[in-house]
Amino acid sequence: MEVVICSSAEQIGAHVADVYAEVLRGDDPVIGLATGSSPLVAYGELIRRHREDGLSFAHATAFLLDEYAGLARSHPESYHAVIRRELVDHVDIDPARVHSPDGEAHDLAEECRRYDAAIEAVGGVDVQLLGIGTDGHIGFNEPMSSLSSRTRPKTLTQQTREDNARFFDSIDDVPHHVLTQGLGTIRTAHHLLLVATGAGKADAVAAAVEGPLAARCPASILQLHPHATVFVDEAAASGL
Ligand code: GLP
């Protein structure tokens, strides 16, 4: 695992955009997308490079990490809607090739199996961007998630619902259930990029990078991965 301590969120965004740009210039690029505030600077930089430098997403296929269960795709806080607003609507990717688990599917377990199979069918994700929750979760794999789990329905912890309440009118509106790529699924991506900024992430980053490989800190699976890069600012690195 490579840990890169950056001086600003903008520098992290530029590094992430460099990696994505290289993948996008290859044949049949498959990019992994994440929601949350951490990836936003990188998406802003990718949009800028699309507009100013002609970086093209025209041949890309994208897979989102996770989705709320029971929230309509038209809801502004569904991850399907969020990723459109933050990236898809601003670049030349074909929206039909931007995949996310369907949180409204009749049979959620079957939907998760279908999603994993769709990722496998394209040969896996070339580069997967990851934020990290304050409890060390990635995607929506909460602490004690199986290290080999595949995409499946999960129940959110109270901590994560509180962390995400800022996107909803009240915490009561935050869904209890989600669909998320499993830790085993995430590990099939060829390159994992984890980004974190701010002192609030310092403990989670320290546990992920220097703690034991353990289900207690789902992000510690990066230690198992042959090609994982962690981009952090000074504050998020302060526990290292
Ligand atoms: C959510 C998402 C995660 C994300 C986390 C941290 O729980 N499911 O993918 O990493 O939030 O979000 P933020 O970057 O806003 O701190």
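D135 counts as partly exposed, because 18 C-beta neighbours lie inside 10 Å; a residue is called buried with 20 or more other C-beta atoms within 10 Å of its own, exposed with 12 or fewer, and partly exposed in between, the C-beta atoms being placed from the backbone. The structure is a predicted model, in which local features need pLDDT of at least 70, side-chain atom pairs count only at pLDDT 80 or more, and totals for chains, interfaces and linings use all residues. Residues are numbered from 1 along each chain as its sequence is written.

D135 lies in the loop between β6 (127-130) and β7 (152-155), and H137 lies in the loop between β6 and β7 as well. H137 is buried, with 27 other C-beta atoms within 10 Å. Contacts (C-beta atoms, placed from the backbone, within 7 Å) were listed without neighbours within four places in sequence. On this basis, D135 is in contact with E142, P143, T157, Q159, T160 and A204, while H137 is in contact with E142, P143, T160 and P218. An unreviewed UniProt entry lists D66, D135, H137 and E142 under "active site"; such annotations may be inferred rather than shown by experiment, and the positions follow the numbering used here, with feature names shortened.

In the protein, 45% of the 240 residues are buried. The C-alpha atoms fill a box of roughly 45 × 45 × 35 Å along the principal axes. Among contacts between residues at least 6 apart in sequence, 79% join residues at least 24 apart.

Methods. Contact = placed C-beta atoms within 7 Å. Helix = DSSP H or I, 4+ residues; strand = E, 2+ residues; numbered from the N terminus.
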